[in-house]
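Subject: Structure handover

Hello,

Here is the structure for you to look through. My notes on it follow below.

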Amino acid sequence: NALLAPLIFASSPVVFLSLGSAYIDIPLTFFVLLSLMYLHKWTLEKKLRDMFLVGVFAGFAASVKLSGTIPLMLIGLLVAALVLREKNSWKNKGIQYFAFGLPALVFMAPWLLRTFLATGNPIYPFYSQVLAILGIPLTAEVAQVMAKWNAGAIASGGGVNLVNFFL
């Protein structure tokens, strides 16, 4: 029964055709689905181990691709709503949310730290202008590369903004 979900996922034509490529959207989707699967399991059994695995797989999703932080945040909000709905003590609710948040942070943090050390922005290339306004400048080399990239993107009808982040 537990092997049925990964087999169905792997048998999808989109997944099967993407196996030979270097695209990372399939692993991102896989980790998000695993996280949601364990969240559903947690709603049925209320085992702390399941909540921990929700965080592990949500953290994996965020570490695979920067846009994986979006499902991580959405899952985090869902976890918060579900945990707050429980009729437990505040201490128990905190433990449950910590069981989700700590592994998610542990698996996501190395990539954010690496990007921050290289560029001065943990979520580069997004929101670099906002960070500059806040007094957190990019390194000179990254600023040059980003200026060239933005010029080319704008010339071709694109750009880097909130809409592009979600696309």
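Lys46 is partly exposed, because its relative accessible area of 34% falls between the 20% and 50% cut-offs. This is a predicted model, so please read every value below as computed from it. Lys46 sits in the loop between helix 3 and helix 4. Its phi is near 60°, a positive value in a residue other than glycine. Most residues other than glycine have a negative phi.

Lys46 also makes a salt bridge. Its side chain meets that of Glu86, with 3.4 Å from N to O. The pair links distant parts of the chain, 40 residues apart. Glu86 is in the loop between helix 5 and helix 6. Is Glu86 buried or exposed? Glu86 counts as buried, because its relative accessibility of 16% is under the 20% cut-off. So this bridge pairs a partly exposed lysine with a buried glutamate.

Other salt bridges

The whole structure holds five salt bridges. Here are others.

- Asp25 and Lys65: the closest N and O atoms are 2.6 Å apart. This pair also links distant parts of the chain, 40 residues apart. Asp25 lies in helix 3 (residues 25-45). Lys65 lies in the loop between helix 4 and helix 5 (69-85). Asp25 is partly exposed at 35% relative accessible area. Lys65 is partly exposed too, at 29%.
- Glu45 and Lys47: their side chains meet at 3.8 Å, N to O. Glu45 is partly exposed, with a relative accessible area of 39%. Lys47 is partly exposed as well, at 47%.

Then there is a network. Lys41, Arg49 and Asp50 are joined into one by salt bridges that share partners.

Overall fold

The protein has nine helices and zero strands. Along the sequence the pattern reads α-α-α-α-α-α-α-α-α. What share of the 167 residues is buried? Buried residues make up 32%.

Helix 6

Helix 6 covers residues 90-119. Where does helix 6 bend? The bend is at Met108, by about 35°. A proline, Pro110, follows within four residues. Met108 is also one of the buried residues of helix 6. The others are Lys93, Gln96, Ala99, Phe100, Pro103, Ala104, Thr115 and Thr119. An α-helix has 3.6 residues a turn, so residues three or four places apart point the same way. You can look for that spacing among the buried positions, which include Gln96, Ala99, Phe100, Pro103 and Ala104. Just after helix 6, Gly120 takes a positive phi of about 90°.

There is also a nonpolar patch on the surface. Phe98, Leu102, Val106 and Phe107 make it, and its area is about 360 Å². Val106 lies in helix 6. At 47% relative accessible area, Val106 is partly exposed. That value is over the 30% a patch residue needs, so Val106 can be part of the patch.

Largest pocket

How much space lies in the largest pocket? The volume is about 150 Å³. The pocket is lined by 13 residues. Closest to its centre are Leu66, Trp111, Leu112, Thr115 and Pro122. Two elements give two or more residues to the lining: helix 4 (48-64) and helix 6. Helix 6 gives the largest share, five residues. Thr115 appears twice in these notes: it is among the residues closest to the pocket centre, and it is a buried residue of helix 6.

One more contact in space

Ala5 is in helix 1 (residues 4-11). Ala5 is partly exposed, because its relative accessibility of 40% lies between the 20% and 50% cut-offs. How far apart are Ala5 and Met37? They are 32 residues apart in sequence and 9.2 Å apart in space, C-alpha to C-alpha.

To go over the main points again: Lys46 combines a positive phi with a salt bridge to Glu86. Helix 6 bends at Met108 and gives the largest share of the pocket lining. Val106, in helix 6, helps to make the nonpolar patch.

Best wishes

How values were computed. Residues numbered from 1 in each chain as written. Predicted model: local features only at pLDDT ≥ 70, side-chain atom pairs only at ≥ 80, totals over all residues. Heavy atoms only, no water. Bend = angle between axes of the 7 residues up to and from the residue. Buried < 20%, exposed > 50% of the residue type's maximum accessible area, 1.4 Å probe, protein only. Patch = residues over 30% accessible without salt bridge, like charges linked within 9 Å, V, L, I, M, F, W, Y side chains within 5 Å. Areas by Shrake-Rupley, 256 points an atom, 1.4 Å probe, with all protein chains shown as cover. Salt bridge = Lys/Arg side-chain N within 4 Å of Asp/Glu carboxyl O. 1 Å grid on protein atoms, 1.4 Å probe; cavity = no way out; pocket = protein on both sides within 12 Å on 5 of 7 lines; lining within 4 Å. Points joined across faces, edges and corners; volume = space filled by probe spheres on them.
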